[in-house]
There are 2 protein chains.
Amino acid sequence: MASHSEDALRLYVDSQFCSPYAMSAFVALQEKKLPFELITLDLAAKKNHEKDFTEKSLTQRVPTLLHGDFSLSESSAITEYVDEVFEGPALYPKDAKQRARARQVQAWLRSDLMAIRVERNTQVIFYGKKFAPLSEAALAAAQNLFFVVETLLPVGQENLFGEWSIADTDMALMLHRLVQHHEAVPARLVEYAHHQWQRASVQQWLQQGRPVL
Amino acid sequence: MASHSEDALRLYVDSQFCSPYAMSAFVALQEKKLPFELITLDLAAKKNHEKDFTEKSLTQRVPTLLHGDFSLSESSAITEYVDEVFEGPALYPKDAKQRARARQVQAWLRSDLMAIRVERNTQVIFYGKKFAPLSEAALAAAQNLFFVVETLLPVGQENLFGEWSIADTDMALMLHRLVQHHEAVPARLVEYAHHQWQRASVQQWLQQGRPVL
Ligand SMILES: [Ca+2]
Ligand SMILES: [Ca+2]
Ligand SMILES: [Ca+2]
Ligand SMILES: [Ca+2]
């Protein structure tokens, strides 16, 4: 497919493979077993602000997916599009209420919990970085995060909504910001996060060759 | 419907009617001509952190929609759910690529342009408030915003994607943060924002009785 330009898929991600949103789009394509070209942009060198990428992304953000001539940014829009347009395992729950809940989780993880996202950036996960103790704000955000996962994840289950969905990958990423920094996280949630990390599509992201910082 | 608890719709919004996300969910329900009970929460008095609302919202945020026993937060998840579950005019484009683009717009407006969102909060729109001149960061964000709208909005058209979609209401809200503060906004985008504001569903939100600040 990659040689057939009309339908070719290209995914733009950050060259450190640290964007959790780029990871979500990458996992979606892997789950569907779609061949795609992976293109890295050096965000530190502001390659995302150059004209060629601005025209594709509109918003100068990764990830951006190209499907033939169609370019699409924002990871949750990408995962919805991939699920709608391509065959393969579902990325979202079939049930309308569970699908709505998965969308709630995705939107929430992208617009809240800012203290965790800043104080435990994903270099914790992808580079093993260590940072100063969490602020009061981050500790409060962590409590909110634990409450949400404990409410949504049925006891004894591996996934939030029965079958795996892309919201599981996104949720596990947020938990790993804390788990891999050895913060206090309830054991059931640690187990959930570790289980999600075993997934082949996630492992493929983890195993990308990352530049030395 | 409001008296039939199994299917009753209740929408929790902020008591100042200033949340752009509460507005988006409200407009979705109005467009579908669904009867619903509107419940206001005083966020300044932290009513959203009380146990009863935390159990419903999970994340202590407005808007939260109750549909019978099912409670759902995050405005874009709510507008998707309302569109999927109820009859009536479509809230999203039918075409997969245009629908993807509408989702990109919604996700982007909720996760970027922070300088505009902070320096021109929606009291500009709903209370006529005036603030200090825009920072360099906000001016740069405004240029990004104008580029995106000018790229997506076809010349001579009233809506981003042919027929109206909920992304038009969300985009117009972002533009009105600048338009109603008399910032320099390209004339075509001012016209677009004003046109969107005439919509009956939007007017119903504007006409809510707001408390004195
Ligand atoms: Ca994104
Ligand atoms: Ca399993
Ligand atoms: Ca929201
Ligand atoms: Ca019209």
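**A mixed sheet, its helices and two pockets**

In chain A of this predicted model, 4 strands form an open sheet of mixed pairing in the order β2-β1-β3-β4. Its edges are β2 (37-41) and β4 (70-73) of chain A, each of which pairs on one side only. From one strand to the next the twist averages 20 degrees. Strands here are DSSP E runs of at least two residues, helices are H or I runs of at least four, and both are numbered from the N terminus; two strands pair if DSSP finds at least two bridges between them.

Residues are numbered from 1 along each chain as its sequence is written, and chains are lettered from A in the order in which they are written. Local features need pLDDT of at least 70, side-chain atom pairs count only at pLDDT 80 or more, and totals for chains, interfaces and linings use all residues, while side-chain values use heavy atoms, without hydrogens and water.

Within the sheet of chain A, strands β1 (residues 9-14) and β3 (residues 64-67) run antiparallel and are joined by 4 bridges; R10(A) stands opposite L66(A) in β3(A). Helix α1 (residues 20-31) of chain A packs on this sheet and touches β1, β2 and β3 of chain A, with its direction at about 150 degrees to that of β1(A). Helix α3 (residues 75-85) of chain A also packs on the sheet, touching β3 and β4 of chain A, and its direction makes about 130 degrees with that of β4(A). Contact means heavy atoms within 4.5 Å; angles run from 0 to 180 degrees between N-to-C directions, along lines fitted to C-alpha atoms, for helices over the stretch in contact.

In chain B, β3 (residues 64-67) and β4(B) pair in the antiparallel sense over 4 bridges, and L66(B) stands opposite S71(B). Their hairpin has 2 residues between the strands, and G68(B) takes a positive phi near 60 degrees. Strand β4 (residues 70-73) of chain B is covered on both faces: F70(B) and L72(B) on one side, S71(B) and S73(B) on the other, are all buried, that is, under 20% relative accessible area with a 1.4 Å probe and protein chains only.

The largest pocket is lined by 43 residues, of which S19(A), Y21(A), R61(A), V62(A) and R117(A) lie nearest its centre. A pocket is an open set of points on a 1 Å grid over the protein atoms alone where a 1.4 Å probe fits, with protein on both sides within 12 Å along at least five of seven lines; lining residues have an atom within 4 Å of a point.

Notes
Buried < 20%, exposed > 50% of the residue type's maximum accessible area, 1.4 Å probe, protein only.
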